[in-house]
Amino acid sequence: MATRYKALQEAEAGTIGSSYDYIIVGSGIAGLYAALLAREHGSVLVLTKGSIDDCNTRWAQGGIAAPIGAGDSAEKHLRDTIEAGAGLVDEEAARVLTSEAAARIEDLVRLGVPFDTSEGEIALEILTESPDPAHPSRRLPPHPEPIRGSSGRTGGGALAVRAVRALNAMTDEASEYSCRHLILATGGAGQMYRVSTNPAVATGDGIALAYRAGAEVTDMEFVQFHPTALRLPGVQPFLISEAVRGEGGVLRDVRGERFMPNYDERAELAPRDVVARAIVDRIEGTGADHVLLDVTHLDRGHVIARFPQIYRFCLDAGLDITREPIPVSPAAHYTMGGVRTNVWGETTLPGLYACGECACTGVHGANRLASNSLLETVVFAQRVVQRTVESPGGSAPLRAGAVALSEAVAAEAGVPTREAVQAMMWEDAGMVRDAGGLSRAKAILSAWDASLPAPTDRESQELTDLVLCSRLVAEAALLREESRGAHYRSDFPEARDEWRRHLVFRGGARN
Ligand SMILES: Cc1cc2nc3c(=O)[nH]c(=O)nc-3n(C[C@H](O)[C@H](O)[C@H](O)COP(=O)(O)OP(=O)(O)OC[C@H]3O[C@@H](n4cnc5c(N)ncnc54)[C@H](O)[C@@H]3O)c2cc1C
């Protein structure tokens, strides 16, 4: 609960100190997996906000990718990952990801993660029967239950690379903790957008914190939108898996017309970004805020058996998907960019590590291959801890030519709220972007970034972090005059060779 905090190691002893070997910020899979490994090497404090279920990890439902099926291989997985990333995947990092995947799945099994099994082996999703449109081969062990850990505080701002200031979630009282290794595992920034599959905690805090401490942040323009999230008034945008389309689900506009064949010969099985943009176009064309995903023509029993979670969630919200089409719209889903790290999770600041969705290892490039993100969390969390033991204190080299942010301009931009940021990002820096919208967003976000007072509590801290992350997205998206992966510019609809490079921002202590 948010009223108390405890460290993984100190919980049993019932004491909280002020100095640790490891401080880990975040308690999703990346943070908790790192904590479980780190406790073998020293004292550990996990700082988090909200309850143990407040994280993206809690909502993952598709699976974790690993090339452990017959006929699959790390090399094939690598090729798929590189292809999905549209020319920007860091091959060294992706090779690490795919070659260490099987070992990390074994670790998870050893730790007691309850994967489904079939005849004594981990059950793989059989994609020939149920194709995930973005996945060409069988590679998806069902999603594990979240690992359990401890809960309690909000990492407010880094004083230095080996110290962190935390706000008590109930009293807003600040405490400082020092450590030998500071590991950020704060997840993504999906809350930048009005419609998002990410929970309210996904406000990019770790990315903002690292940037302000002077670390490099990269690839922020690449935000993956999931094409089909449930769109029902008052109901959270629950993810309707792509496998629903793979099973024969058909997309129709609100007038009942099937539209995907008009946009792509692969129709409903076209890649994520193509389907998402087609849906946006139909939403704009009809004036509705959603389209319909129709499975009513499929066998009822099969739909219920194949998608029990989706069926149950929708039924609880008053919708029987076997009898009525599902209202869906695209939703911000995954933050490809983040704190730049090398293959050891080292940021550009010595002593500061990052893993999980808040980090940018380069494995996703411009577009994440479905189910690679859970894998990335465990592969690189393990590497972070290994590095702290074998070769502590290093850092990823700074990039030459990192883009410096232009100074924020104070202007007539009004007072920001989370809703105002989300609405602007949705309209001006969402799935379809152009120079006009991005320039407007950049100007307003810069003004907000410059004028926001120093945060005093969780709410103001989250708003400040959202504004900064959004500003980095708008600025990078404006600079990148091409379309690539998840970044689509209607004024530059093609990929351009000269843009086969990364945009890197280097922060500095401004507040
Ligand atoms: C609906 C949905 C479905 C998904 N399905 C899949 C899937 O099938 N397969 C797949 O591979 N990926 C999937 N993903 C993506 C995947 O779940 C995430 O990328 C992954 O879980 C991220 O793990 P993480 O530990 O890095 O971050 P999270 O799980 O988001 O955890 C972040 C933690 O940091 C804490 N935190 C944040 N800010 C602070 C702060 N300032 N101070 C202290 N603590 C803080 C949060 O409270 C939270 O505990 C899905 C995501 C969503 C939203």
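In this predicted model, the shell around the ligand draws at least two residues from each of three elements, namely helix H2 (29–38), strand S5 (153–160) and helix H11 (372–390). Of the elements that contribute, H11 supplies the largest share of this shell, with four residues. The ligand is surrounded by 41 residues, and the closest of them are the glycines Gly26, Gly28, Gly62, Gly187 and Gly356. By character, the residues of the shell divide into 23 polar, 14 nonpolar and four charged.

The chain that forms this surrounding has 511 residues, of which 55% count as buried, and its secondary structure comes to 14 helices and 16 strands. Among the contacts in the chain with a separation of 6 or more, 73% are accounted for by residues that are 24 or more positions apart.

Four of the strands form an open sheet in the order S9-S12-S11-S10, with antiparallel pairing. In this arrangement S9 and S10 stand at the edges, and because each has a single partner strand, one side of each is left without a neighbour in the sheet. Direction ignored, neighbouring strands of the sheet are turned by 45 degrees against each other on average. In general, the strands of a sheet pair through backbone hydrogen bonds, and the pairing is either parallel or antiparallel.

The pairing can be followed at the level of residues from the edge strand inwards. Strand S10 (residues 250–252) runs antiparallel to strand S11 (residues 291–294), and the two are joined by three bridges. Within this pair, Val250 has Asp294 of S11 as its bridge partner, while Arg252 is matched in S11 with Leu292. On the next step across the sheet, S11 is joined to strand S12 (residues 326–335), again by three bridges and in antiparallel fashion; here the bridge partner of Val291 is Val328 in S12.

Two residues that are not glycines nevertheless have a positive phi, and both lie in loops that adjoin a strand of this sheet. Asp219, with a phi of about 60 degrees, is placed in the loop between strand S8 (216–218) and strand S9 (223–230). Asp219 counts as buried, because 25 C-beta neighbours lie inside 10 Å, where 20 or more are required. Ala267 has a positive phi of about 50 degrees and is found in the loop between S10 and helix H8 (272–286). With 17 other C-beta atoms within 10 Å, Ala267 is partly exposed, since this count falls between the limits of 12 or fewer for an exposed residue and 20 or more for a buried one.

Among the helices, H14 (residues 458–479) comprises 22 residues and reaches 32 Å from its first C-alpha to its last, which is close to the 32 Å expected at 1.5 Å a residue. This helix is mostly covered, with 18 of its 22 residues buried. As a general point of geometry, an α-helix has 3.6 residues a turn, so residues three or four places apart point the same way.

Notes. Residues are numbered from 1 along each chain as its sequence is written. This is a predicted model: local features need pLDDT of at least 70, side-chain atom pairs count only at pLDDT 80 or more; totals for chains, interfaces and linings use all residues. Two strands pair if DSSP finds at least two bridges between them. A residue is near a molecule or strand if its C-beta atom, placed from the backbone, lies within 6 Å of it. Ala, Val, Leu, Ile, Met, Phe, Trp, Tyr, Cys and Pro count as nonpolar, Asp, Glu, Lys and Arg as charged, and the others, Gly among them, as polar. Axes are lines fitted to C-alpha atoms, for helices over the stretch in contact, and angles run from 0 to 180 degrees between N-to-C directions. The expected span of a helix is 1.5 Å times one less than its number of residues. Two residues are in contact if their C-beta atoms, placed from the backbone, lie within 7 Å.
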